[in-house]
Amino acid sequence: MSSLTTVRMPRALRDRLAIRARANDTTLAGTLEQLLDATEEQEFWAAVRVSNARVEHVPGAPDALRDGLDNADDDALGANGW
């Protein structure tokens, strides 16, 4: 069994967590873990966007590192069944 600890928090926060836990059929700890995981993933992708934005402005950076979202030819690829 893993070790446990007590966390002090305002009752209103605990109640909000309990509502979310019930809605997702999990525990308070499971809800906290899901929320932390989601936050860490958002932070990761925000860092990726910042990094990619820097690459967009680097002369001579490989095209593979650019997002190329402004390339109109990309829109036609799906229609051509590539």
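Is Thr-31 buried or exposed? In this predicted model, Thr-31 is buried, because its relative accessibility is 0%, and the cut-off for a buried residue is under 20%.

## Overall fold

The protein chain contains three helices and zero strands. Read from the N terminus, its elements follow the order α-α-α.

Of the 82 residues in the protein chain, 9% are buried. The chain exposes about 7500 Å². Carbon and sulfur atoms account for 55% of that exposed area.

## Thr-31 and its surroundings

Thr-31 lies in helix α2, which spans residues 28-56. With neighbours within four places in sequence set aside, the contacts of Thr-31 are Leu-17, Arg-20, Ala-21 and Thr-26. Thr-31 thus belongs to the 9% of residues that are buried in the protein chain.

## Glu-40 and the negative patch

Glu-40 is also placed in helix α2. Its relative accessible area is 47%, so Glu-40 counts as partly exposed; the class lies between the buried limit of under 20% and the exposed limit of over 50%.

On the surface, Glu-40 takes part in a negative patch together with Glu-33, Asp-37, Glu-41 and Glu-43. Membership of a patch requires over 30% relative accessible area, and the 47% of Glu-40 is the value to set against that cut-off.

## Two residues of helix α2

Helix α2 holds both Thr-31 and Glu-40. Thr-31 is buried at 0%, whereas Glu-40 is partly exposed at 47%.

Definitions and conventions: Residues numbered from 1 in each chain as written. Predicted model: local features only at pLDDT ≥ 70, side-chain atom pairs only at ≥ 80, totals over all residues. Heavy atoms only, no water. Helix = DSSP H or I, 4+ residues; strand = E, 2+ residues; numbered from the N terminus. Buried < 20%, exposed > 50% of the residue type's maximum accessible area, 1.4 Å probe, protein only. Contact = heavy atoms within 4.5 Å. Areas by Shrake-Rupley, 256 points an atom, 1.4 Å probe, with all protein chains shown as cover. Patch = residues over 30% accessible without salt bridge, like charges linked within 9 Å, V, L, I, M, F, W, Y side chains within 5 Å. Salt bridge = Lys/Arg side-chain N within 4 Å of Asp/Glu carboxyl O. Lys, Arg positive; Asp, Glu negative; His and termini not counted. Charge placed at Lys NZ, Arg CZ, Asp CG, Glu CD.
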